[in-house]
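Welcome! Below are some short exercises, each with a worked solution to follow step by step. Keep the sequence and the structure beside you as you go.

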Amino acid sequence: MCGIVGIVGSTPVNQSIYDALTVLQHRGQDAAGIVTIDEDNFKQRKANGMVKDVFESKHMQRLKGNIGIGHVRYPTAGSSSAAEAQPFYVNSPWGLALAHNGNLTNAHHLRESLLKSRRHINTTSDSEVLLNIFAAELDMVENDNLTPDDIFSAISNVHKSVKGAYAVVSLIIGNGLVAFRDPHGIRPLVLGSRKTEEGDVEYIVASESVGLDTIGFEVIRDVEPGEAIYITEDRQLFSKQCAENTRLTPCIFEYVYLARPDSTLSGISVYEARLEMGRKLGAKIKRDWADVDIDVVIPIPETSNDIALEISLEMGLPYRQGFVKNRYIGRTFIMPGQTQRRNAVRRKLNPITAEFKDKAVLLVDDSIVRGTTSEQIIEMVRDAGAKKVYLASAAPQVCHPNVYGIDMPTANELIAYNRSVEQISDCIGTDALIFQDLQDLKDALSKQNPNTDDFECSVFDGIYVTGDVNQDYFDYLATLRSEDAKKIQEQKEEIASLELHNEA
């Protein structure tokens, strides 16, 4: 999961891209980057860190140009070093920059074929692989001047060779901005426009609608699965369906946790979807836990706040905010590493003792993935004096790895893998545990838009919509993660050695 944005304007776009990345910061806290085009040259700034820390005034002043793209990174497979920050660029053909949200499931095969064709890959990122695949296709164009059909033909060939989830924004020097989405529409991508005071029309593509409306753009529509958008430097817009056998199956976890509640994706309001999740889960608790005495409903902030409120209304129970959240700690789920996630939980949340002491508490969370966060929170609640601790999850059990851009690649890390609900409850220390039914979750989303009635639910049901995911791929991912862990440990040992040397 990352955040991407691309803007073609009539005036400099650096500030608008910065502002859009700021409201997409929830999609990635590891690194940020912006590339613009000015006088047929790329202007770039990218580094590890949050948007507000990566871009200083001196960097913004250098990011000149009326066209640009931006990215916030959340690492999945591969390294999280500064070299992996996006956008990436290559000088040929024309000069091409690219930012990507998602994960390619055949990246290792593509990398091998690129190396055989003498294209150099400088990082472990699948986004750089995707950039080079796109560049190789554009290299086949015989015309000196690219036409929209040339670009769409190149993207059609990209779709034929690339597998997995990908939402892409790209810049081509001397031409314009290109955006495209995988044939299943797994990762989101939204198209919008705004009219300037001078009457010029400017265009934007971004991961979520919130990236548009907070900076004055209006949503036109979602980019369709397999569709490509091409916007020239003088703001002419072209679009074409570039893939065969397309079917919209957006990632269901976007609505559960990843997206902001003020976003609308595939015609579904994330906020309204979460309210409906709460209503359905509340009805299930009333049905299945009729004999359980609950004094109060308390959300584990913040994604589950609206869900918990609807549960309390459905059940006729008091709703309370029982935790104070430190807003200067990032989202623990998307921190790069289990140790960082674990250490951040107690710094992030602090219980209000009066809301827990001597009460039977129903905690509500959006989902339970690794279980470590839930275990720590339940321990905090018991320390605060709760006599009973129940936990309800707005999502079903996460039993399977995610391979489409969310950091759930190893089944053994998942608390629900090969465990019953009772065993999960024992592991995390609850008195009772209940999960949302998958069909209820789907119905909560499609209620708003019946035309979006199928979703990518692999973490819950093990069905991978791209059809190319098997045990060999999981073994490859496990090896990749093991190699990454080894590299990180070697880097830590090297740093420690240098520190000892300096002290000596």
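## Exercise 1: A histidine and its surroundings

His71 is buried, with a relative accessible area of 0%. Bear in mind while you work that this is a predicted model.

**Task.** Find the strand that holds His71, then work out which residue's backbone oxygen lies 3.1 Å from a polar atom of the His71 side chain.

**Solution.**
- Step 1. Look at residues 67-73: they form strand β4, and His71 lies in that strand.
- Step 2. Check the burial. Buried means under 20% relative accessible area, and His71 has 0%, so His71 counts as buried.
- Step 3. Turn to the side chain. The partner is His100, whose backbone oxygen is 3.1 Å from a polar atom of the His71 side chain.
- Step 4. Widen the view. Leaving aside residues up to four places away in sequence, His71 touches several others, among them Cys2, Leu21, Gly33, Gln86, Pro87 and His100.

## Exercise 2: Two cis peptide bonds

**Task.** Pro87 was one of the residues touching His71. Describe the peptide bond from Gln86 to Pro87, then do likewise for the one from Ser92 to Pro93.

**Solution.**
- Step 1. The bond joining Gln86 to Pro87 has omega near 0 degrees and is cis.
- Step 2. Place Pro87: the loop between β4 and β5 (88-90) contains it.
- Step 3. The bond from Ser92 to Pro93 is cis, with omega near 0 degrees.
- Step 4. Place Pro93: this residue lies in the loop between β5 and β6 (96-104).

## Exercise 3: Positive phi without glycine

**Task.** Arg235 and Ser266 each deserve a look at the backbone. What is phi at Arg235, and what is phi at Ser266? Is Arg235 buried or partly exposed?

**Solution.**
- Step 1. Arg235 is not a glycine, yet its phi is positive, at about 70 degrees.
- Step 2. Arg235 sits in the loop between β12 (227-232) and β13 (237-241).
- Step 3. With a relative accessible area of 23%, Arg235 is partly exposed.
- Step 4. Ser266 has a positive phi near 55 degrees, and it is not a glycine either.
- Step 5. Ser266 belongs to the loop between β14 (264-265) and β15 (268-269). Its relative accessible area is 7%, under the 20% limit, so Ser266 is buried.

## Exercise 4: How α5 meets α6

**Task.** Helix α5 covers residues 126-139 and helix α6 covers residues 148-161. How are α5 and α6 oriented, and which residues make the contact?

**Solution.**
- Step 1. Take the geometry: the helices pack at an angle of about 135 degrees, and their axes are 9 Å apart.
- Step 2. Angles over 145 degrees count as roughly antiparallel and 65 to 115 as roughly perpendicular. An angle of about 135 degrees falls in neither group, so α5 and α6 are oblique.
- Step 3. The crossing of α5 with α6 is right-handed.
- Step 4. On the α5 side, Leu130, Ile133, Phe134, Glu137 and Leu138 take part; on the α6 side, Ala154, Ile155, Asn157, Val158 and Ser161 do.
- Step 5. Sorting these residues gives 7 nonpolar, 2 polar and 1 charged.
- Step 6. Now look at Met140, in the loop between α5 and α6. Met140 is exposed, with a relative accessible area of 64%.

## Exercise 5: Helix α9 and two partners

**Task.** Helix α9 (residues 270-288) packs with helix α10 (residues 305-315), and its axis also crosses that of helix α15 (residues 438-446). Describe each pair.

**Solution.**
- Step 1. For α9 and α10, the angle is about 40 degrees and the axes are 7 Å apart. These two helices are therefore oblique to each other.
- Step 2. The crossing of α9 with α10 is right-handed.
- Step 3. Residues of α9 including Tyr271, Leu275 and Ile285 meet residues of α10 including Ile307, Ile311 and Met315. The contact divides into 9 nonpolar, 2 polar and 6 charged residues.
- Step 4. For α9 and α15, the axes come within 8 Å and cross at roughly 140 degrees. That angle makes α9 oblique to α15.
- Step 5. α9 passes α15 in a right-handed crossing.
- Step 6. From α9, Ala273, Glu276, Met277 and Lys280 meet Asp440, Leu441, Asp443, Ala444 and Leu445 of α15. This contact has 5 nonpolar, no polar and 4 charged residues.

Technical notes
Residues are numbered from 1 along each chain as its sequence is written. This is a predicted model: local features need pLDDT of at least 70, side-chain atom pairs count only at pLDDT 80 or more; totals for chains, interfaces and linings use all residues. Side-chain values use heavy atoms; hydrogens and water are left out. Axes are lines fitted to C-alpha atoms, for helices over the stretch in contact, and angles run from 0 to 180 degrees between N-to-C directions. Helices (H or I, at least four residues) and strands (E, at least two) are DSSP runs, numbered from the N terminus. Angles under 35 degrees count as roughly parallel, over 145 as roughly antiparallel, 65 to 115 as roughly perpendicular and the rest as oblique. A crossing is left-handed if the near helix is turned anticlockwise from the far one by less than a right angle, and right-handed if clockwise. Contact means heavy atoms within 4.5 Å. Ala, Val, Leu, Ile, Met, Phe, Trp, Tyr, Cys and Pro count as nonpolar, Asp, Glu, Lys and Arg as charged, and the others, Gly among them, as polar. Buried means under 20% relative accessible area, exposed over 50%, partly exposed in between (1.4 Å probe, protein chains only). A polar contact is a pair of N or O atoms within 3.5 Å; within protein, one must be able to donate a hydrogen and the other to accept it, and residues adjacent in sequence count only if both atoms are side-chain atoms.
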